[in-house]
Amino acid sequence: MSNVTVMPDRSAEVPSAPVGRERRGQRRPRKTFHTQFRTAVSPHQLNTTRGRIVYWIVLVTVVVSFTAAFVFPLYWMVTGAMKSTEELNAIPPTFLPSHFSLEGYLQAWELLDLGRLLGNTALYAGGAWLLTLAVDVSAAYALSKLRPIFGKVVLGLMLSTLMIPPMVIMLPAYLTVRDVPIFGWNLLNTPWAIWLPAAANGFNVFLLKRFFDSIPRELLEAAEIDGASPGRILWSVVIPISRPILGVVSILTVVNVWRDFVWPLLVLPDSDKMSVSIGIASLSSQMPQNVLVASLVIASIPTIVVFFLFQRHIMAGLTAGSLKG
Amino acid sequence: MTTASIPAAHGGRRQPTKLGRAVRRNVTAYGFLCGALICFAFFSWYPMVREVILSFQRTNFVDPPKWVGLENFRTVVNDPAFGPAWVNTALFTVLALLCGYGIPFVTAIVLNELRHARAYLRFVVYLPVMLPPAVSVLLFQWFYNPDYGLFNQILNLFHLPGLQWLNSTSTALISLVIVSTWMNMGSGTLIYLAALQTIPSELYEAAELDGAGLFRRIWHVTIPQTKLILLVMLLLQIVATMQVFIEPYLLTGGGPENATVSVVYLMYQYAFNFGNLNAGNALGLMLMIVLMVFSAIYLRVSRDNTV
């Protein structure tokens, strides 16, 4: 395999084996140098014939096992929804559905009223996104650039919420939503029950504040001298240069709301108001298997599409969260 | 704050004294902060305090709450499911760490060595993380079906006897661990991969010049260099897995014979099935104290190492 790929390169040179190996030796590091750092495996070892054989075996094993572990279940899900109940129960199973039909998907869409469930979820995710951006961006801006008295205390209190496991305060938070103190509102079965708690996100405030801290003071002072108010500075100076972090926060918020299970399970018990995860889960035992599987496919399409489109942002958010400590 | 601001703002406008400017800046700042303060106060800070208060009270939302001391704690401790819940949660955490902590790290080390298909592998390993957890869990419920599920079909293919998976006390918990690992390992893998890429290549070169073989290079360079992230991830993962809920809720309902009941699941049952919210709170408080220990270590570690 490796010889085949390297052979044409060598054609201009003296076609003897030792020289060829040497050339390979030069070629490899040059390629890796551009793409990434040197890793635990020595490039010299990698370029020996044995090293290359081992490398290709490992590569093929990893690709095959990853595909089997992570792609095959999804393939099984997508095709399973096209099979009839008899075909699903057949032993041995059919690898391809006996005939291509979208009947399962249509049935799932009708039976579960997936259009409404998806619409609800989009409403929750969209509203949470807008509210989170508005609330957390202005809070982070105030803490980072306006630096009020007790700002450090407020930030500390906000970050302290990261230490509290969310499941543990689930019950008192549920009670709060049911009867908001002072106002006496009952937010159960309203989108506010999702939106307001989503905005109370210490991690977003942390990410945004850290980014705003890195914006040079001179930039804001120049705007201030021009007579811009703090609100104007935030809108016309800070937000335009904070696009990358706003992207990360947006995606994190939308994906979290979309994926969340426990919180919507508690605060949106009404079947008209359910999010898509809850709706499917609550009806899962009453449906034929192929319809259930079809609904799972439909429910995962939006997040997969978001992943396709915003892969880089999502991965940036992931590492931003972990490496900061 | 707002009432005090009006005269101060006027004073500031007439003659911009130092004090006037400072007051005005603070008023503006808290204006920007008020939305966040309200959200945090109602949905984070107040529930944190209330969690503690409710644990020592009896409330039924009609009569005023009554202080009952440790009665709620007595109720949960005497529940026959109390012991199994903690044992299962601990066991789940240990098993989930064995799979979900080691596998992503090894995977990341291997991925870091590969020169081809990197984008594909990174994409694929993260794919399950993007599925809504309910979808992953219900998908595996289908795979676990003892009659026609994918797993038993595969075992069949190799002429192995099928398993009962979720229906047997001996395999139910490990079945939950498998789902949990499948749907969560992507994020760990990518985080480790990012950490591995920050290791300076000179260290490997130096180790190689000193005659260290591949495994010694991993042991003496890779692991020490990623020690911090490994520790942070360990703590985060303990805290996350100890809150396991959705897997038992959707797959087993705590059964068979309490083999998969977890602390949070029991807490949910107290609040919504047994109608004893205060006992659920007491259980939550116990879990909070346990998890706070790990959180405190995490905070300590990350603070000591980022400044």
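What share of the contacts in chain B with a separation of 6 or more comes from residues 24 or more positions apart? The figure is 64%. Keep that in mind as we go through this model, which is a predicted one.

Let's stay with chain B. Its secondary structure is 14 helices and two strands. The chain has a radius of gyration of 26 Å, and the globule rule gives 19 Å for 307 residues, so chain B is more spread out than a compact globule. Look at the C-alpha trace along its principal axes. The spans are about 85 × 65 × 30 Å. As for burial, 44% of the 307 residues in chain B are buried.

Now pick out helix 2 of chain B, residues 18-55. This helix has 38 residues. A straight helix at 1.5 Å a residue would reach 56 Å, but here the end C-alpha atoms are only 49 Å apart. Where is helix 2 of chain B kinked? Find B:Ala41. The kink is centred on that residue, and the angle is about 45°.

Over to chain A. Here we have 17 helices and zero strands. Of the 325 residues of chain A, 40% are buried. For contacts with a separation of 6 or more, 70% in chain A join residues 24 or more positions apart.

The helix to look at is helix 4 of chain A, residues 49-80. From first C-alpha to last, its 32 residues reach 44 Å. That is close to the expected 46 Å. There is a kink in this helix too, of about 40°, at A:Val71. Shortly after that point comes a proline, A:Pro73. And A:Pro73 is buried. Other buried residues in helix 4 of chain A include A:Tyr55, A:Phe66, A:Phe70 and A:Met77.

Last topic: the nonpolar cores. How many residues does the largest one have? It has 164. Two residues have the most contacts inside this core: A:Leu296 and B:Leu138. Take A:Leu296. Set aside its neighbours within four places in sequence. In chain A, A:Leu296 is then in contact with A:Met77 and A:Ile280. In chain B, its contacts are B:Val135, B:Leu138 and B:Leu139. Apart from the largest core lies another, of seven residues. Among them are A:Ala40 and A:Tyr55, along with B:Tyr204 and B:Ala207.

So, two residues of helix 4 of chain A come back here. A:Met77 is in contact with A:Leu296, and A:Tyr55 sits in the core of seven residues. That's the tour.

Technical notes:
Residues are numbered from 1 along each chain as its sequence is written. Chains are lettered from A and ligands numbered from 1 in the order in which they are written. This is a predicted model: local features need pLDDT of at least 70, side-chain atom pairs count only at pLDDT 80 or more; totals for chains, interfaces and linings use all residues. Helices (H or I, at least four residues) and strands (E, at least two) are DSSP runs, numbered from the N terminus. The expected span of a helix is 1.5 Å times one less than its number of residues. The bend at a residue is the angle between axes fitted to the seven residues ending there and the seven starting there. The radius of gyration is taken over C-alpha atoms; the globule rule is 2.2 Å times the number of residues to the power 0.38. A residue is buried if 20 or more other C-beta atoms lie within 10 Å of its own, exposed if 12 or fewer, and partly exposed in between; C-beta atoms are placed from the backbone. Two residues are in contact if their C-beta atoms, placed from the backbone, lie within 7 Å. A nonpolar core is a set of buried Ala, Val, Leu, Ile, Met, Phe, Trp, Tyr and Cys residues joined through C-beta atoms within 7 Å.
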